[in-house]
Amino acid sequence: MGDLELLLPGEAAVLVRGLRSFPLREIGSEGWNQQHENLEKLNMQAILDATASQGEPIQELLVTHGKIPMLVEELIAVEMWKQKVFPVLCRLEDFKPQNTFPIYMVVHHEASIINLLETVFFHKELQKQAELMQFEIASKALSVLRYITDCVDSLSLSTLNRMLSTHNLPCLLVELLEHNPWSRREGGKLQQFEGGRWQTVAPSEQQKLSKLDGQVWIALYNLLLSHEARARYCFTSFAKGQLLKLQAFLTDTLVDQLPNLAGLQGFLAHLALTETQPPKKDLVLEQIPEIWERLERENRGKWQAIAKYQLRHVFSPSEQDLQLQARRWAETYRLDVLEAIAPERPRCAYCSAEASKRCSRCQNEWYCCRECQVKHWEKHGKACVLAAQGDRAK
């Protein structure tokens, strides 16, 4: 593993072997929280290893011990909890949590797992927080989808059929490029969603391909230039019309940044002269969403009972329980590790410029200069004092 180690090889192996699935009613429990912390440690160690080009020990452990299916099941379980249990929990009369952080950690669990899966694949107020996290999860899912398309020729027939026919991914990806949800205008300035937050793009950088745009283009290239995928995809008049929209985006500037897209240009030129096909009616036997169906079958009719159980036993922790959990989270999210895995240099909390100075009292906020720190104190002061008091109380 890398020079900065969160886990020793033996510790990582123990954590991976101990990973298990939890019943829906146990989501958010003490044992579940312990596993969440373990997953976070594995996730951070995987990023450290990838950054230091130290091989793929976490990936090897997850594959060796057969834990990838378990991670997928955990993802599905949290999604089902969000859809089926959380709305019921919020409607309960007694639901008046003194602290929403335990619930936030359940929502955050989904982001932790998808980030761990992305790393593995790459190297072979509460509602607002949830919305931002959901956007980040979607961006990670797009990244995972792109990695899946890298091996499109070796996918099973049912998987390929679901991608090309059920969900019509090529047309869906065209829609993403058209609407470009990871870019926006704020105060006349272009912003892009990268590194888990919205960042202002300098005028000189606006022609540069963003990471998410690049993922979409590579996925389209993989799907449309793969012999296996092209043979299975039905180029109807609708699909042809949607795909030919890509020609307007394929500028010389874009192709200079991703030279492989020249092959996609040639394919689209050929497609423009090709007759469209009628919809295919192939018989394809495919697997049903087995994990979702099983979890729903096991818990059907129990959503309210699960919500009431979690209200009493999971999401109503005592002050002592919260303090204990806070200490464990502080041990998990070590500042030296978080800095090492950060995708870029920290930014000034006041002006967003690259920062090199940190608030000496709370160690949480970064600044580019003393002047910005002074200007930001009116907003930061209260949180800074509370954070410093919390550190002294440990």
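# Charges, cores and cysteines

E74 is buried but forms no salt bridge; R20, the nearest side chain of opposite charge, is 8.3 Å away. Buried means under 20% relative accessible area, exposed means over 50%, and partly exposed lies in between (1.4 Å probe, protein chains only). A salt bridge puts a side-chain nitrogen of Lys or Arg within 4 Å of a carboxyl oxygen of Asp or Glu. For charge, Lys and Arg count as positive and Asp and Glu as negative; His and the chain ends are not counted.

The model is predicted: local features need pLDDT of at least 70, side-chain atom pairs count only at pLDDT 80 or more, and totals for chains, interfaces and linings use all residues. Residues are numbered from 1 along each chain as its sequence is written, and side-chain values use heavy atoms, with hydrogens and water left out.

## Exercise 1

Place E74 in its helix and list what it touches beyond four places in sequence.

*Solution.*
- Step 1: E74 sits in helix α4. Helices are DSSP runs of H or I with at least four residues, strands are runs of E with at least two, and both are numbered from the N terminus.
- Step 2: Apply the contact cut-off, heavy atoms within 4.5 Å. Leaving out residues up to four places away in sequence, E74 touches R20, S21, F22, W32, Q35, H109 and I113.

## Exercise 2

Count the salt bridges of the structure, then work through the pairs of E79, K208 and R294.

*Solution.*
- Step 1: The count is twelve salt bridges. Side chains of opposite charge can pair when their charged atoms come close.
- Step 2: E79 pairs with K82, with 3.7 Å between the closest N and O atoms. Both belong to helix α4 (residues 68–91) and sit three residues apart, about one turn of the helix. An α-helix has 3.6 residues a turn, so residues three or four places apart point the same way. E79 is partly exposed at 21% relative accessibility, while K82 is buried at 17%.
- Step 3: K208 meets E205 at 3.9 Å, N to O. K208 is exposed at 52%; E205 is partly exposed at 38%.
- Step 4: R294 bridges to E298, with the closest N and O atoms 3.4 Å apart. The two share helix α15 (residues 290–299) and are four residues apart, about one turn of the helix. R294 is partly exposed at 25%, and E298 is partly exposed at 40%.
- Step 5: Extend the pair. A network of salt bridges links E73, R294 and E298.

## Exercise 3

Describe the largest nonpolar core: its best-connected residues, its helices and the contacts of W217.

*Solution.*
- Step 1: Define the set. A nonpolar core joins buried Ala, Val, Leu, Ile, Met, Phe, Trp, Tyr and Cys residues through side-chain atoms within 4.5 Å. In soluble globular proteins, nonpolar side chains tend to be buried together.
- Step 2: The largest core has 34 residues; W217, L243 and L246 touch the most other members.
- Step 3: At least two core residues come from each of α6 (126–149), α7 (157–166), α8 (169–179), α9 (211–225), α11 (237–244), α13 (252–257) and α14 (261–272). α9 gives the most, seven residues.
- Step 4: Not counting residues up to four places away in sequence, W217 touches L177, L209, L246, F249, L250, L254, L258, L261 and L264.
- Step 5: Another core of 30 residues lies apart from this one, with L6, A46, A111 and V144 among them.

## Exercise 4

List the buried residues of α7 and α8, then find the residue with positive phi after each helix.

*Solution.*
- Step 1: α7 buries S158, L160, N161, M163 and L164. N168 follows α7, with a positive phi near 45 degrees.
- Step 2: α8 buries L169, P170, C171, L173, V174 and L177. Just after α8 comes N180, with a positive phi of about 45 degrees.

## Exercise 5

Search for disulfides, then check C359 and C369.

*Solution.*
- Step 1: The cut-off is a pair of cysteine sulfur atoms within 2.5 Å. The whole structure gives zero disulfides.
- Step 2: C359 is in no disulfide, and its nearest cysteine sulfur, from C384, is 3.6 Å away. C359 is buried at 3% relative accessible area.
- Step 3: C369 is in no disulfide either; the sulfur of C368 is the nearest cysteine sulfur, at 3.8 Å. C369 is partly exposed at 26%.
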